[in-house]
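Pull the structure up and get ready to turn it around a bit. We'll start inside and work outward, stopping at a handful of residues on the way.

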Amino acid sequence: MEINNNTALNRVLTEYAPAEKNTAPNNNELGRDAFLKLLVAQLENQDPTKPEENGEFVAQLAQFSQLEETQKMGGNFEQFASAFQSTQNLQATSLVGRLVHVESDFSPLGESGGISVLAEFDNAVQSASLTVYNKGGEIVDSFELGQQPEGQQEFIWTGTDANDERFPPGNYYFEVSASSGGEASSVPVYLSANVNSVTIESGGSLTLNLAGIGKVAMDDIIQIN
């Protein structure tokens, strides 16, 4: 009678191979000691007339070693991903109370301080202007910015009028227009706002809660002051 121990061993190795997306603990995990005991049992019960070839044992050991290394790599990667996510979350919480810039046409004016306006010029322009509106759509301030080079340019609105009187707190809307070659166009603007809090979503993504603006994804922040 022929005893096929390779089939039995391969069946055990297959049984203990790691699943692709199985996060539940495996209480039947095949360890090194258990594997060596299995090999000893295979030697003791092999067919004397047909002993195992050395090459077959080497192949089985190599198979187990590969499975073991794969499991270790998976565990190391999970630890790295967890540590990386924790670091990101810690860095995000340090943003609370700081100013960030996000693409928006409005931002709140507080009791003190001004609002930083970043304008993104695709090309150099002959002239540009900045107009500020209140929430009722009325123009409260305007500036001629003159010639502007290509790229991102920053302008600070102090929140005060020509008599150095401060405008009431609240949301104000900003518009930057550019003119070149007789053609006028609007320019994308990014406004500063205070980070009130940080929310860690269920999927691990980060959401910043900005004063006067609301929830904004961390990926939408273009500058941190």
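A nonpolar core, as the term is used here, is a set of buried Ala, Val, Leu, Ile, Met, Phe, Trp, Tyr and Cys residues joined through side-chain atoms within 4.5 Å. For "buried", read under 20% relative accessible area. Keep in mind that what you have on screen is a predicted model.

With that in hand, look for the largest nonpolar core, which has 20 residues. The residues with the most contacts inside this core are Val 117, Phe 121, Trp 157, Tyr 172, Phe 174 and Val 176. Several strands feed into it: S3 (115–121), S4 (127–133), S6 (151–157), S7 (170–180) and S9 (189–200) each supply at least two residues of this core. There's also a second, separate core of nine residues, and among its members are Leu 95, Val 102, Val 195 and Leu 208. As a general point, nonpolar side chains in soluble globular proteins tend to be buried together.

Trp 157 is a good place to pause. Not counting residues up to four places away in sequence, Trp 157 touches Leu 109, Gly 114, Ile 115, Val 132, Val 140, Asp 141, Phe 143, Phe 167, Tyr 172 and Phe 174. Trp 157 also belongs to a cluster, where ring pairs link it with Phe 167, Tyr 172 and Phe 174. The model's count of aromatic pairs comes to five.

Now step back for the overall layout. The protein has three helices and 12 strands. Of its 225 residues, 30% are buried. Take the contacts between residues at least 6 apart in sequence, and 67% of them join residues at least 24 apart. On the outside, the protein exposes about 14400 Å², with carbon and sulfur atoms supplying 49% of that area.

How far does the confidence go? The mean pLDDT is 78, and 62% of the residues reach 70 or more. Over residues 1–6 pLDDT stays under 50, and the model has 13 contacts beyond four places in sequence for that stretch. Where pLDDT is low, the predicted coordinates should not be read in detail.

Next, the loop between S6 and S7, which is home to Asp 161 and Asp 164. Which of the two is exposed, and which is partly exposed? Asp 164 counts as exposed because its relative accessible area is 61%, over the 50% mark. Asp 161 has a relative accessible area of 27%, so it is partly exposed. The side chain of Asp 161 reaches the backbone nitrogen of Glu 165 at 2.7 Å. Asp 161 and Val 140 are 21 residues apart in sequence, with 8.1 Å from C-alpha to C-alpha. Asp 164 has its own quirk in the backbone: its phi is near 65 degrees, a positive value in a residue other than glycine. Most residues other than glycine have a negative phi.

Move on to Ser 104, in the loop between strand S1 (99–103) and strand S2 (106–109). Why does a loop serine count as buried here? Ser 104 has 12% relative accessibility, so it falls under the 20% cut-off. Leaving aside neighbours within four places in sequence, Ser 104 is in contact with Val 189, Leu 191 and Ile 213. The side chain of Ser 104 also reaches the backbone oxygen of Phe 106, at 2.9 Å.

Thr 207 sits in strand S10 (residues 206–210). Thr 207 is buried too, because its relative accessible area is 10%. Its contacts beyond four places in sequence are Ser 197, Val 198, Thr 199, Glu 201, Lys 215 and Val 216. With one of these, Glu 201, Thr 207 makes a side-chain to side-chain polar contact of 2.8 Å. Thr 207 and Ala 92 are 115 residues apart in sequence, yet 9.1 Å apart in space, C-alpha to C-alpha.

The last stop is Met 218, in the loop between strand S11 (214–217) and strand S12 (221–224). Met 218 is partly exposed, at 27% relative accessibility. Outside its neighbours within four places in sequence, Met 218 is in contact with Leu 95, Leu 206 and Leu 208. Met 218 and Leu 206 are 12 residues apart in sequence and 5.6 Å apart from C-alpha to C-alpha. Leu 95 and Leu 208 should ring a bell: the second core includes both.

Key: Residues are numbered from 1 along each chain as its sequence is written. This is a predicted model: local features need pLDDT of at least 70, side-chain atom pairs count only at pLDDT 80 or more; totals for chains, interfaces and linings use all residues. Side-chain values use heavy atoms; hydrogens and water are left out. Helices (H or I, at least four residues) and strands (E, at least two) are DSSP runs, numbered from the N terminus. Buried means under 20% relative accessible area, exposed over 50%, partly exposed in between (1.4 Å probe, protein chains only). Contact means heavy atoms within 4.5 Å. Accessible areas come from the Shrake-Rupley method with a 1.4 Å probe; for residues, only the protein chains shown count as cover. A polar contact is a pair of N or O atoms within 3.5 Å; within protein, one must be able to donate a hydrogen and the other to accept it, and residues adjacent in sequence count only if both atoms are side-chain atoms. pLDDT is the predictor's confidence in each residue, from 0 to 100. Rings of Phe, Tyr and Trp (its six-membered ring) pair if their centres lie within 6.5 Å; planes under 30 degrees apart count as stacked, over 60 as edge-to-face and the rest as tilted.
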